[in-house]
Structures are given as structure tokens and as C-alpha cells.
Amino acid sequence: RERVRAMFYHAYEHYLESAFPYDELRPLTCDGQDTWGSFSLTLIDALDTLLILGNVSEFQRVVNVLQEGVDFDIDVNASVFETNIRVVGGLLSAHLLSRKAGVEVEAGWPCSGPLLRMAEEAARKLLPAFQTPTGMPYGTVNLLHGVNPGETPVTCTAGIGTFIVEFATLSHLTGDPVFEDVARKALKALWKNRSDIGLVGNHIDVITAKWVAQDAGIGAGVDSYFEYLVKGAILLQDKELMSMFLEYNKAIKNYTKFDDWYLWVQMYKGTVSMPVFQSLEAYWPGLQSLIGDVDNAMRTFLNYYTVWKQFGGLPEFYNIPQGYTVDKREGYPLRPELIESAMYLYRATRDPTLLELGRDAVESIEKISKVDCGFATIKDLRDHRLDNRMESFFLAETVKYLYLLFDPDNFIHNDGSDFDVVVTPYGECVLNAGGYIFNTEAHPIDPAALHCCRKRKEEQWEVEDLMREFYSRKKTKKFTLKRPPDHGEGENAKDPEDASSEKAGEKRNSKKSSHSLLSCPSQSFNSKLAVLGQVFLDNT
């Protein structure tokens with residue numbers, strides 16, 4: 001664990017010294033470059049890792065730097081997918097962790113705050129990409145002008161289906177449903193366009209919904225679509241998303257799985273098109289562990305680990321029958337996926353083999369990749385030539401998952417025994433109780449936060465009026481109020497059998513109300529008051 005911490009600071013400090021405010025560090029020349037849009041991307045991506053390592057003072061400093069220095073009103077063509085997972089995801093995660101990091105949060109947090117406003121601003125810049133006949137987004141958007149005329153309509157499957165975690169979180173925190181709506185529409189468009197045998201291809205035309213690349217598999221171009229069906233289902237407690245994934249899972253097992261490897265097949269026929277393992281596929285055992293399929297996950301993980309041991313890293317492509325790298329795909333850009341799966345599986349099994357993979361990863365990266373100014377992408381695992389790049393995901397994901405693998409007591413692994421109660425304008429809510437959902441850039445989202453803020457803005461009337469009503473009637477009437485059942489909006493749901501929201505105001509103010517509002521047994525009223533009628537939470 002301490003070696004991983006030292007790796008982080010070697011890379012992070014050199015980024016600050018040599019590359020900031022550029023997106024990424026170039027470790028061989030000790031300078032920086034913009035890669036994904038000029039957002040100081042490594043700083044945003046590394047922010048929650050700082051807190052996981054326990055560095056609250058630097059977290060606080062970086063929050064101030066980002067508020068002052070990041071501007072999304074720029075004439076830059078940005079990847080919709082990458083901006084979402086790295087920028088929107090990184091800002092949302094930092095926003096939700098900021099109180100834990102000792103940042104002085106504003107009144108109304110987590111339903112408001114500067115990092116949330118930045119995340120929302122960045123996400124709004126991506127919305128024009130979703131304005132297509134199918135609801136599937138373009139892959140690139142200009143942050144100032146929207147989608148460029150002449151922009152290619154061909155997008156990869158992952159670039160369409162990897163928004164629900166960030167966008168649903170944004171909608172729940174801000175009260176604006178547009179983000180979750182566009183993310184769901186895109187997910188459902190892919191589902192609708194799957195083949196008769198239940199598979200999706202690699203690239204699709206977002207205007208015509210015709211598949212352009214028809215290779216089906218679990219790796220590059222598709223990967224995080226499957227990941228977000230599972231994580232979206234867990235985050236939102238959404239059975240429909242999970243049933244979609246389980247249907248895909250059956251087809252994937254039927255057509256692409258051979259001896260615990262996963263191949264690429266033709267999406268309509270199921271015939272093998274590429275007998276190749278890609279390093280990006282190594283997330284799959286971790287995803288299997290999330291749905292409880294631990295035995296299959298371990299078998300596949302051990303296959304992938306043999307490749308790691310053969311090369312000291314995972315080549316981008318590995319030819320399974322030949323047992324060797326594929327031409328021009330011999331590199332390892334310090335990707336996190338195998339380490340990510342080890343972290344999940346270690347939580348599930350405590351198998352020491354998984355710690356051995358972590359140790360091997362630390363030793364490989366230090367031996368092959370470490371240079372004076374950081375850690376360099378490995379251009380070729382056969383001869384250990386390096387490339388002049390350190391991707392931001394090295395600090396966001398690779399180092400984070402390694403650290404969490406070796407730190408069983410980290411707050412991220414909280415089992416619910418420790419938590420914070422936060423008072424929001426909408427009542428009390430519980431935060432930091434664990435169960436974090438990592439987005440595909442390893443930014444943890446606290447699922448409990450989605451229940452802290454009222455989803456519909458027109459519902460923001462309760463506390464003041466309820467209190468006023470109570471105190472004005474207190475001396476003359478006995479009050480009763482039944483606890484309404486849940487109807488899909490978590491703790492803040494309204495009972496649809498009650499008056500509609502339009503009439504709620506009239507009803508509250510009417511002198512002729514047929515039933516009074518509150519009943520107060522011996523408990524103190526203030527200790528029981530919550531929002532939207534959920535007043536008495538124990539056996540009253």
C-alpha cells in the first residue's frame with residue numbers, strides 16, 4: 001500500500017510541476033499536452049484519489065484551483081464519452097465527497113455546490129450530441145457551437161450507452177430530469193437495435209440506426225455499455241436495466257465464451273470473427289462479481305492473469321490460439337481493468353492470488369514504466385520501449401484500484417456501520433454509508449445521495465409550509481397524517497392518491513380541509529419531522 005501511495009505522488013507531483021494546466025503529463029520530456037479538451041484533466045481525474053489516500057488538504061486546494069481555472073465555454077471539439085466519464089464523473093464524485101474532505105460546503109449541499117454546478121455545466125455542453133432521430137448521441141461535440149456540421153454519425157456502442165450513472169446522478173441532485181432522460185433513451189435505442197440472437201455490434205450510425213461494425217464482444221467499443229446496465233441498475237434500483245444486462249449475458253455466454261475466454265463474433269450469425277483477448281475486457285470478472293457470479297469471474301480472471309505474467313502487463317490485443325501479442329497492439333498504457341477486477345474479487349473472496357496480482361502490477365509498473373518525471377505508457381511489452389504519455393486514468397483508476405486492493409479499511413469499503421446524517425432543505429439524509437458505485441473512470445458515486453434532493457422542482461414546498469401550518473393550528477386541533485406509501489421516488493415520493501401537486505398548495509391553505517395534517521404523540525415533533533408527509537418513521 002505504501003508503495004502504491006509513493007507511485008501516486010511521484011506521478012502527481014510531476015504533473016503539477018511539469019504539465020499543469022495541460023490535460024496530461026508527457027513523462028519522457030517532462031512537459032504537458034492537451035488531449036481531451038483542455039480541462040486540466042489529470043487534476044480533475046486525480047481529485048477523489050487524493051481523498052482515498054487521505055490527503056484532505058490537497059483535495060481542498062485542488063477544489064479551489066478547479067473552481068477558479070476550469071472553463072467549459074471554449075471552442076474545442078471534445079469526446080462526448082470521455083468528457084462525461086472523466087470530467088462530469090470526476091466533478092460529481094468530488095462534489096459528493098467534499099464534505100468528507102473537510103471542504104466548507106454551502107447550505108443546501110449535496111443538492112447544490114460549486115462542483116455540482118461545474119458538472120452540470122459540462123454535461124449541458126454534451127446535450128446537443130443527443131439531438132438525433134434515434135436518441136443515440138454523436139461521438140464528438142464542440143463545447144461552444146454544439147455538433148459540427150459534417151460530424152460523422154458513426155459512434156461506438158460504449159459511446160452511446162455510458163451515461164446513465166453520471167446523468168441520473170445529475171438529474172437526482174439538480175432536479176432536472178433531462179440528463180437521465182437522454183441517457184435512458186440512448187440505452188433503450190441500443191437495446192431495440194440488438195440482433196435476433198441478442199448481441200450488439202461495435203459501431204452504429206446514430207441517424208439511421210444501421211450497424212457499421214458488426215463485431216460483438218465484451219471489449220473495446222462495447223465494454224462500458226454492459227458495465228453501465230449493471231451499475232445503473234444497482235445505483236437506481238432499476239429492474240429493467242438489470243434484466244437487459246442478464247439477457248445480454250445469456251447471449252454473450254452462448255456465442256462468445258470459449259474455455260473461460262471471450263472471443264469476438266459476428267453479431268447476426270454468432271460466427272467467430274476475432275479470437276482475440278483485449279486488455280479492456282479485463283473489467284468483465286469484476287462486473288461478474290457485482291452480479292454474484294464469482295466462480296465464473298475467478299476462472300476468467302485467472303486466464304487474464306496468465307497473460308499478465310507472460311508479459312508483465314496486458315497487451316492491448318492478445319491472440320488466444322497463438323498465445324502471443326497482435327501486430328501493432330503490443331502496448332500497455334498502464335490500464336486499470338485487470339487490477340479493478342482483482343479489487344472487486346478480493347472483496348468477494350479474500351483469495352490471496354488477487355493480492356499477488358496487485359504486487360505483480362506494482363513491481364511491473366515500477367520496473368518498466370517509471371521514469372524521472374512520472375510513469376510512461378509502455379509502447380511494446382516485448383522490449384519495454386516507452387511512449388511519451390501518461391494518461392489521466394493512471395491516477396484516476398490504476399493507482400486507486402491498487403490502493404483499494406491493499407487497503408481493506410478504506411472508507412470506500414464501508415459496510416454501512418459508519419455513516420453521516422446530513423440535513424438538507426428537504427429533510428435529513430444518510431451519506432457515506434458505503435455501497436459506492438464506481439463510474440467507468442473509477443469515480444465513486446454515493447448511491448444514498450440520489451435520495452437527498454427532491455427530483456421534481458415543483459415539489460419544493462413542504463418544510464416551511466408544514467411547520468407554519470402545524471404551529472398555527474397547534475393550539476386548537478388534533479392533527480393526523482398517515483405515512484404515504486413509496487411510489488418510486490424513494491423517500492421523497494408523493495402518494496398519487498393524495499391531491500395532485502398542482503392542488504397541493506390550495507389544499508394546504510384551505511380552511512375547509514377534510515383532514516388535519518399532523519399527529520404528535522409523546523415524541524418531540526422536531527425529532528420526527530421529515531419532508532413530504534414522511535413524518536413518523538418508527539411505530540407510530
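Let me start with the nonpolar core of this predicted model. The largest one has 157 residues, and the members that touch the most others are Phe167, Phe226 and Phe394. By element, α4 gives the most to this core, with 10 residues.

Take Phe167 as an example. Setting aside residues up to four places away in sequence, Phe167 touches Asn84, Ala123, Leu126, Leu127, Phe130, Phe179, Glu180, Val182 and Ala183. Two of those names, Ala123 and Leu126, come back in a moment, as buried residues of α5.

For scale, the protein chain has 540 residues, and 59% of them count as buried. The secondary structure comes to 18 helices and 23 strands. If you take contacts between residues at least 6 apart in sequence, 69% of them join residues at least 24 apart.

Now helix α5, residues 114-126. Does its length fit a regular helix or depart from one? There are 13 residues, so at 1.5 Å a residue the expected span is 18 Å; the end C-alpha atoms are 19 Å apart, which agrees.

Which residues of α5 are buried? The list is Leu115, Leu116, Met118, Ala119, Glu120, Ala122, Ala123, Lys125 and Leu126. Note that Glu120 and Lys125 are on that list along with the leucines and alanines. On spacing, an α-helix has 3.6 residues a turn, so residues three or four places apart point the same way. You can check the list against that on the screen. As for partners, the buried residues of α5 pack against α3 (56-69), α4 (80-97), β4 (140-142), α7 (164-174) and α8 (178-192).

One of those partners, α8, leads to the next item, its packing with helix α9, residues 223-236. Two packed helices are described by the angle between their axes and the distance between the axes. Here the axes of α8 and α9 come within 12 Å and cross at roughly 130 degrees. That angle makes α8 oblique to α9, since roughly antiparallel would need an angle over 145 degrees. The crossing of α8 past α9 is left-handed. On the α8 side, the contact is made by Glu180, Arg184, Leu187, Leu190 and Trp191. On the α9 side, Tyr225, Leu229 and Leu236 take part. Glu180 is also one of the residues that Phe167 touches.

Staying with α9: this helix has 14 residues and reaches 20 Å from its first C-alpha to its last, close to the 20 Å expected at 1.5 Å a residue. It is mostly covered, with 13 of the 14 residues buried.

What happens to the backbone just after α9? Gln237 takes a positive phi of about 50 degrees. For background, most residues other than glycine have a negative phi, and most peptide bonds are trans. Gln237 is not a glycine, and its place is in the loop between α9 and α10 (239-256). With a relative accessible area of 66%, Gln237 is exposed.

Asp259 is another case: a positive phi of about 50 degrees, and again not a glycine. Asp259 is found in the loop between β9 (257-258) and β10 (261-262). At 69% relative accessibility, Asp259 counts as exposed.

Then the cis peptide bonds. One runs from Phe20 to Pro21, with omega near 10 degrees. Pro21 lies in the loop between α1 (2-19) and β1 (24-26). Another runs from Trp109 to Pro110, with omega near 5 degrees, and Pro110 is found in the loop between α4 and α5.

Phe20 turns up again in the surroundings of Val65. Val65 has its place in helix α3. Is Val65 buried, exposed or partly exposed? At 22% relative accessibility, Val65 counts as partly exposed, because the cut-off for buried is under 20%. Leaving aside neighbours within four places in sequence, Val65 is in contact with Phe20 and Leu43. Val65 and Leu43 are 22 residues apart along the chain, and their C-alpha atoms are separated by 9.4 Å.

Last residue: Asn319, in strand β14, residues 317-319. At 14% relative accessibility, Asn319 counts as buried, on the other side of that 20% cut-off. Which residues does Asn319 touch, not counting those up to four places away in sequence? Pro275, Tyr324 and Val326.

Technical notes. Residues are numbered from 1 along each chain as its sequence is written. This is a predicted model: local features need pLDDT of at least 70, side-chain atom pairs count only at pLDDT 80 or more; totals for chains, interfaces and linings use all residues. Side-chain values use heavy atoms; hydrogens and water are left out. Helices (H or I, at least four residues) and strands (E, at least two) are DSSP runs, numbered from the N terminus. The expected span of a helix is 1.5 Å times one less than its number of residues. Buried means under 20% relative accessible area, exposed over 50%, partly exposed in between (1.4 Å probe, protein chains only). Contact means heavy atoms within 4.5 Å. A nonpolar core is a set of buried Ala, Val, Leu, Ile, Met, Phe, Trp, Tyr and Cys residues joined through side-chain atoms within 4.5 Å. Axes are lines fitted to C-alpha atoms, for helices over the stretch in contact, and angles run from 0 to 180 degrees between N-to-C directions. Angles under 35 degrees count as roughly parallel, over 145 as roughly antiparallel, 65 to 115 as roughly perpendicular and the rest as oblique. A crossing is left-handed if the near helix is turned anticlockwise from the far one by less than a right angle, and right-handed if clockwise.
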